[in-house]
Amino acid sequence: MMLTEEKIYLKGFRSWAEISRERLIKNVKTIHNHVNKHIFAVVKADAYGHGALKVSEILQDIPYVKYLCVATAEEGKELREKGINKDILVLGGILKDEVKCFKDYRLVPVVSDFEQLKIVRENDIPKIHIKIDTGMHRLGFLPEEVEDLIQKISGLKIEGVMSHFPSADTDPDLTNKQIKDFEKIVKIFRSYGVDPDYIHLQNSAGLMYECSYCNAVRIGISIYGEKPSDSFNIPVKTVMSVKSKIITVKKIKKGQTISYGGRFKADRDMKIGVVAFGYADGLSRELSNRGYFLINDRKVQIVGTITMDMTMVDLTDIEGVKPMDTVTIVGKDNKNEIYFDDIAKMCNTIPYEIMCRISKRVRRVVV
Ligand SMILES: *Cc1c(COP(=O)(O)O)cnc(C)c1O
């Protein structure tokens with residue numbers, strides 16, 4: 001099986017990300033039990049850095065996962081070429097030069113404006129989802145365009161009607177208004193005899209709202225085990241852990257500096273570990289002199305500027321660390337755990353970005 005083969009392969013890799021099949025499946029199942037709606041699993045951006053092919057292979061066999069969602073036709077094409085058979089929804093819409101790709105690879109576009117509607121009509125795209133802009137102000141038909149839109153979709157298969165929340169994590173007033181506004185729009189479609197199979201609005205943060213007229217949810221971050229908001233109360237668990245290795249351990253003297261720019265100066269004799277993980281692996285340089293890793297269940301402080309391929313840590317008070325020892329960049333090491341959110345907070349961003357930043361050099365392994 002792939003698992004053992006990959007575990008053997010792993011031996012030659014300096015840095016890798018372990019993707020827990022069990023946790024991924026469990027998260028989707030837990031969310032499905034909670035909302036009891038069809039699941040559209042969002043696997044855009046290489047499944048938020050988890051590896052879109054591997055995640056799709058695991059999720060496509062779950063019967064209540066109805067769609068895999070990608071951002072671009074190119075992402076959909078890649079999944080099809082590697083044997084994914086599930087329906088694929090392209091959230092980012094359809095551009096003129098992508099028509100062939102949509103047709104060749106059986107991709108379903110989210111249509112967001114009249115230009116795209118024309119493209120879909122002229123090229124006999126068999127089914128589409130329609131996006132309504134209820135407040136995100138990025139993609140989607142405006143509510144006042146809906147009546148006109150309905151006149152122009154006769155004969156097309158409208159499989160879904162959707163909208164999107166910009167601030168389900170922070171703005172309940174806007175979110176509740178969107179839920180009401182979108183319901184009115186769905187009713188307008190129905191009053192003209194348009195009865196889509198899927199009505200979908202909620203993203204992960206949106207799962208904390210009632211949305212009884214919707215029958216599907218588009219979820220990304222929560223299936224990967226990260227909470228989209230502080231109030232999120234579905235018990236999901238982190239799917240990806242990121243690991244690396246110690247390359248070498250060395251001593252430096254009081255007064256000497258570490259790494260580019262000499263931004264760390266030793267105030268005592270120190271023992272330094274060099275870790276095979278740098279900004280090219282996805283570790284933000286902002287964590288220089290600030291972040292930490294786990295080694296042998298101990299927190300070890302990053303010292304000096306993070307370099308492209310390596311990062312130095314303070315091992316002065318830790319015994320026995322040697323080359324090849326495992327370093328946890330994200331995830332659990334016995335009692336301690338570093339979450340994507342911990343790193344996101346230190347970098348003044350969101351866990352989504354930290355996940356997406358883990359680079360291609362970091363080998364993904366399903367465990
Ligand atoms: C990325 C995306 C989602 C998933 O959002 P999460 O917060 O990760 O659950 C849902 N809908 C659209 C339109 C998206 O672009």
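Where does the second largest pocket lie, given that domain 1 (21–219) and domain 2 (240–366) both give residues to its lining? It lies between the two domains, because each contributes to the lining.

This is a predicted model, in which local features need pLDDT of at least 70, side-chain atom pairs count only at pLDDT 80 or more, and totals for chains, interfaces and linings use all residues. Residues are numbered from 1 along each chain as its sequence is written, and side-chain values use heavy atoms, with hydrogens and water left out.

**Domains**

The chain is divided into domain 1 (21–219) and domain 2 (240–366). The bounds come from an automatic or database domain assignment. Their C-alpha centres lie 38 Å apart. The contact (heavy atoms within 4.5 Å) takes 8 residues from domain 1 and 6 residues from domain 2.

**Pockets**

A pocket is an open set of points on a 1 Å grid over the protein atoms alone, where a 1.4 Å probe fits, with protein on both sides within 12 Å along at least five of seven lines. Lining residues have an atom within 4 Å of a point. A volume is the space filled by probe spheres set on the points, which are joined across faces, edges and corners.

| Pocket | Volume | Nonpolar lining | Polar lining | Charged lining |
|---|---|---|---|---|
| Largest pocket | about 1,100 Å³ | 21 residues | 9 residues | 13 residues |
| Second largest pocket | about 220 Å³ | 3 residues | 2 residues | 5 residues |

Here Ala, Val, Leu, Ile, Met, Phe, Trp, Tyr, Cys and Pro count as nonpolar, Asp, Glu, Lys and Arg as charged, and the others, Gly among them, as polar.

The largest pocket has 43 lining residues. Tyr48, Ile221, Pro228, Ile350 and Tyr352 lie nearest its centre. Helix 3 (44–48), strand 9 (216–219), helix 10 (340–346) and helix 11 (351–357) each supply at least two lining residues. Helices (H or I, at least four residues) and strands (E, at least two) are DSSP runs, numbered from the N terminus. Both domains line the largest pocket, so it too lies between them.

The lining of the second largest pocket includes Asp46, Lys54, Lys360, Arg363 and Arg364. Helix 4 (52–59) and strand 19 (363–366) give two or more residues each to this lining.

**Helix 5**

Ala73, Gly76, Leu79 and Arg80 of helix 5 (residues 73–81) are buried (under 20% relative accessible area, 1.4 Å probe, protein chains only). They sit on the same side of helix 5, because their arc around the axis, taken from the directions to the C-beta atoms, is only 125°. Their cover includes helix 4, strand 3 (65–70), strand 4 (88–90), helix 6 (99–104) and strand 5 (107–111). Just after helix 5, glycine 83 takes a positive phi of about 100°.

Note on methods: Buried means under 20% relative accessible area, exposed over 50%, partly exposed in between (1.4 Å probe, protein chains only).
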